[in-house]
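This report looks at how two parts of one chain meet. Please keep the sequence and the structure in view while reading.

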Protein chains: 2
Amino acid sequence: MSITANNPDRKSWLHVDKNSDFPIQNIPFGVFLTRDDIITIGTRIGDTAIDLGALHQLGYFEGIPLTDDIFLQDTLNDFIADGRKTWRLVRNRIADIFDNENGTLKNNIQHKETVLFRLDEIEMQLPVQIGDYTDFYSSIEHATNVGTLFRDPENALLPNWLHIPVGYHGRSSSIIPSGIDVHRPQGQTLPAGANEPVFGPSKLVDFELEMAFITTDANDLGEPIPIDEAEEYIFGLVLFNDWSARDIQKWEYVPLGPFLAKSFASSISPWIVTLDALEPYRIQGPKPLKKQLEYLQQKGKKGFDINLEVALQPEKAKETVISKSNFKYMYWSMAQQLAHHTINGCPINSGDMMGSGTISGPTPDSYGSMLELSWRGEKPLTMNDGTERKFINDNDTVIMRGYCEKDGTRIGFGEVKTKLLPVFNAKKNK
Amino acid sequence: MSITANNPDRKSWLHVDKNSDFPIQNIPFGVFLTRDDIITIGTRIGDTAIDLGALHQLGYFEGIPLTDDIFLQDTLNDFIADGRKTWRLVRNRIADIFDNENGTLKNNIQHKETVLFRLDEIEMQLPVQIGDYTDFYSSIEHATNVGTLFRDPENALLPNWLHIPVGYHGRSSSIIPSGIDVHRPQGQTLPAGANEPVFGPSKLVDFELEMAFITTDANDLGEPIPIDEAEEYIFGLVLFNDWSARDIQKWEYVPLGPFLAKSFASSISPWIVTLDALEPYRIQGPKPLKKQLEYLQQKGKKGFDINLEVALQPEKAKETVISKSNFKYMYWSMAQQLAHHTINGCPINSGDMMGSGTISGPTPDSYGSMLELSWRGEKPLTMNDGTERKFINDNDTVIMRGYCEKDGTRIGFGEVKTKLLPVFNAKKNK
């Protein structure tokens, strides 16, 4: 079945700004609370949010095999479990409904009142219930920078890195949508030169610029996913800020990996952009530097050209863009990550999320974390208001954005925006 | 409210063998499929399974604030979310219903036919939907053994171990109940002396003898749980076999921790024994060897005296008991684990599971893994059938059991029993 929703010549009867991330060729999926306090699954064209639950009740998805309540849910998990064929039918149908040539909904004022919302009338929610979340470490520039900073510049990449899409299990319960504030975490750290740890607020709170993909039900326990089939199980992508406390991480992470340094919060953009919508932006991706084992050998274009940027906004000041990177720098692809994740028979379910790892580019202005941008604090960044940053200060807001652009069509992710609050105070917060 | 269900003098009108793990003082919770293919929440006394959904419909829980369908569910998550007061009311009521002095159900043949099942009429399921699973590393003997085997006998414990209940995030999707077979995982390993990894079946499949506790909804994002309140959020415990592939682990785990070496399967016993039922078996626990930070300082008896054993059963042979350990060896308690886990504000939800880490005792016959028992293969174990084991062979079954005993009352966990099948074969399994 062709992806007619991607037709670049199509225009919508809904207004779309020239630089919008959400033209009619995007059609992402999300979950929102409406002005009537109803939770529904929806999509977005330009600055208009569209209630898919209402659209379905009005019969606009007739002929597509969907249960009656598939969009009247507080997560996308069930819809994602319906599989790629259904996602594609729905996305193509939405493109038809909002096509400038189609007057059915366009000319039905009553239906439009039920279905369409201004962005200020809705509140975006976490789009999926995330069963398991895995974070990879797949940018060679990031792995090299971290290895140089923390271990040995001569052997910055560990011996397994070019053979394995290195990853680890993360915490699902602290994944939050854009707009939810986060408290600076407390924990144990080992001061330089000390033998005993101290307790207190992390002094080195950092972001990590990542993207994450959301999967559908893929395999049973014991059954690996062949690499050629892996993308069939990827629903779509979001922007991902993997908040990190570097001082907590340094003290805790040997030998079992990052734990509390990461699990205090991880933020995602609320609209899931489908892999189908990103199809026109495929690129070859980096050439392997070492021969990869057969189960990781992927044919065709394995990467995606997605421009990424990070901005930092001090309280009461304008934001400063501090990094420009790109998803195309990923050494290991999403299909390779998924094939590796399941080679031992680990089951993948609808709503699982896999983070890319920090996406650093080759130049210092394309690094994906403060750790790298300020080179562990040696090179502070100057903000628009004249203040300097080595890591993230209380009441700073971190904003990540991403978009693809080609031949005049732009498919974007919107943003993930999170404010860092001071340490939680039990008395004050009661 | 007192825990009248724990009254050691109470007898049930249901038959209970002298050495049963499930006297009327236990009253664990589980989920099972009945002979009529209905999923329900239940408990067990002796060898009789009790359908709590049916019992509730018949009015036996009158006066306890429970929704009508609280036991007619395929997981315990909602019941657990009701909180400790409700668990205690329900457990006390069950003890009353089945008390030898109470004739109400005992004398109602029709009700008994609806509510009671023989064990061979039911099929135990995973008792909770596990949102997040964390595995700790809290046995000092195990951490010392592993440090000695893999790193430096002189500095076997890493510098953070006596300060932090070290833990890491694990994979929820591959947690299975007792009785589900597991395939030997495949993956990358680095042969001794080689520079490049090879692909194939793991040659060093191992068990880890652990226990795990299940939590209820505890805190919001950002809000730590004080150590004195931590046990309020623990519903109960299960036996836990944290399957491990040592050769895969060795090659993958630096720097981000164990991943595919663990995520192919983890098995739990199906009956959750409540913390209330274990109350009589509290012990002081090991004395801290170093002063602990204030948020980890716990008053009172922090451990539990739970006898544990592991048996290995080759195909077509009798089992051999290969280890006898005890939960009392845990250096870090469950309350300390939970206080540490949330000190950064990480939210804990109903149905989350926390593994203890391998529970090794001080003597070689009390070690909790083949790695330690066979001392990395140097000292093979001899089975009853004369065969030897360094690690687990295809078609071996690993069985773990656990129970408390004091003053003639025995509270047990039953068993977690898992067979290791050969590597998954896509053609054969289709």
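How many residues of domain 1 of chain A are in contact with domain 2 of chain A, and how many residues of domain 2 of chain A do they touch?

## Two domains and their contact

In this predicted model, the domain assignment of chain A gives domain 1 as residues 4-124 and domain 2 as residues 133-421. The C-alpha centres of these two domains lie 29 Å apart, and the contact between them involves 27 residues of domain 1 and 29 residues of domain 2.

## Buried area

The size of an interface is often given as the accessible area lost when the parts come together. Here, domain 1 and domain 2 of chain A bury about 2,200 Å² between them, with 57% of that area on carbon and sulfur atoms. On the side of domain 1, the residues that lose the most area to domain 2 are Asp21(A), Ile80(A) and Arg84(A), which together account for 28% of what that side buries.

## Polar and charged pairs

Between domain 1 and domain 2 of chain A the count of salt bridges is four. Arg88(A) forms a salt bridge with Asp276(A), in which the closest N and O atoms are 2.8 Å apart. Across the interface of the two domains, 15 residue pairs are in polar contact, with both residues at pLDDT 80 or more.

## The side of domain 1

The elements of chain A that give two or more residues to the side of domain 1 touching domain 2 are the strands β1 (30-33) and β2 (39-45), together with the helices α2 (77-81) and α3 (84-97). Sorted by class, this side of domain 1 has 13 nonpolar, nine polar and five charged residues.

Terms used. Residues numbered from 1 in each chain as written. Chains lettered and ligands numbered in written order. Predicted model: local features only at pLDDT ≥ 70, side-chain atom pairs only at ≥ 80, totals over all residues. Heavy atoms only, no water. Domains from an automatic or database assignment. Contact = heavy atoms within 4.5 Å. Buried area = accessible area lost by both parts, 1.4 Å probe. Salt bridge = Lys/Arg side-chain N within 4 Å of Asp/Glu carboxyl O. Polar contact = N/O pair within 3.5 Å; in protein donor to acceptor, adjacent residues only side chain to side chain. Helix = DSSP H or I, 4+ residues; strand = E, 2+ residues; numbered from the N terminus. Nonpolar A, V, L, I, M, F, W, Y, C, P; charged D, E, K, R; others polar.
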